[in-house]
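Trainee: I've got a fold to get my head around before group meeting. Can we go through it together?

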Amino acid sequence: PMKKIYLYGNWKMNMLPFEGEEFCRTLGNKMQGDIYSSEMIQVCLFPPFLTIPEVLKSLPEDVPAACGAQDGYFEDRGAFTGEVSMDMVKAVGCSHVLVGHSERRHIFGESNEIVAKKLAKAIETGLKTVLCFGETLDERESGKTLAVVREQLESAFAGLDKDKSCCRVILAYEPVWAIGTGKNARPEDAQEVCAFAAKMAGDYFGTHPKIPVLYGGSVKESNALDLLSQHDIDGALVGGASLKVDSFLGIYENYRKISV
Ligand code: PGA
């Protein structure tokens, strides 16, 4: 019941720099009291690239909140118009990065192979890296969920340096059909896949402490308790509900209120 919760907010293509600054000021004021100690929670915000500097400048230092990028490329530099390298993500001051988000895979056509290269580069760069994975509705309905997830994770883990990876990899199970739809996975279904992923990561990396597994897809205040109470769900990756401080922190508070 006292598990530490990872509360990660993916802003996607929202939030201008001034909005990011306002958010962080409010966040700092509200993350007060014992439930916001670093033993209880870790917050990470994922703003669009151009909003990152403002967020880094205005995140208060006395709260457990970090900042990451939503993506990064696998090459170090060169003729890759429009891309940002993992080195650049690190150099501006981010500690985290997302790779393989469902919108990258499905809107921008990123394959498991590209995701694997990005993950390996991010880990090598020293970033804490959130590897996102999850099945489509078709795949779930035809009973292929665990096979799809196994393939996504196996291909991503294959290129990794095991020693460097153990403390840097964070997993985020995000069923594609649950993202931005208002329709979250049933807690027991999310638990099943998160347990499967945790076991795969444990077998592969053999790590202690265990690799955190987050759930994402329409997480909001009203379903937070049921989802976050699951044994193998260590936190939430939140899209829509992360754009307002109250609905974002409300996810955590709804869990904690009942569980402390
Ligand atoms: P959502 O997005 O919370 O708006 O469903 C989650 C995500 O894409 O990370």
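Trainee: How far apart are the mean positions of the positive and negative charges of the protein?
Mentor: Keep in mind that this is a predicted model. There are 28 positive charges and 36 negative ones to average over. Compare the two mean positions and the gap is 1 Å.

Trainee: Okay, and what radius of gyration does the protein have, set against a compact globule?
Mentor: Start from the chain length, 260 residues. A compact globule with that many would come out near 18 Å, so the protein agrees with the rule. Along its principal axes, the C-alpha trace spans about 45 × 40 × 35 Å. The radius of gyration itself is 17 Å.

Trainee: What share of the residues is buried?
Mentor: Buried here means under 20% relative accessible area. Apply that to the 260 residues in the protein and the buried share is 53%.

Trainee: Which atoms supply 53% of the area the protein exposes?
Mentor: The exposed total is about 11,800 Å². The atoms behind that 53% are carbon and sulfur.

Trainee: Now helix H9: what is its reach from first C-alpha to last?
Mentor: H9 runs over residues 187–205, which gives 19 residues. At 1.5 Å a residue you'd expect 27 Å, and the model is close to that. Its buried residues include Val193, Phe196, Ala197 and Met200. As for the reach, it is 26 Å.

Trainee: And which residue follows H9?
Mentor: Look at the backbone there: phi is positive, near 55 degrees. The residue is Gly206.

How values were computed. Residues are numbered from 1 along each chain as its sequence is written. This is a predicted model: local features need pLDDT of at least 70, side-chain atom pairs count only at pLDDT 80 or more; totals for chains, interfaces and linings use all residues. Side-chain values use heavy atoms; hydrogens and water are left out. The radius of gyration is taken over C-alpha atoms; the globule rule is 2.2 Å times the number of residues to the power 0.38. Buried means under 20% relative accessible area, exposed over 50%, partly exposed in between (1.4 Å probe, protein chains only). Accessible areas come from the Shrake-Rupley method with a 1.4 Å probe; for residues, only the protein chains shown count as cover. Lys and Arg count as positive and Asp and Glu as negative; His and the chain ends are not counted. The place of a charge is taken as NZ of Lys, CZ of Arg, CG of Asp or CD of Glu. Helices (H or I, at least four residues) and strands (E, at least two) are DSSP runs, numbered from the N terminus. The expected span of a helix is 1.5 Å times one less than its number of residues.
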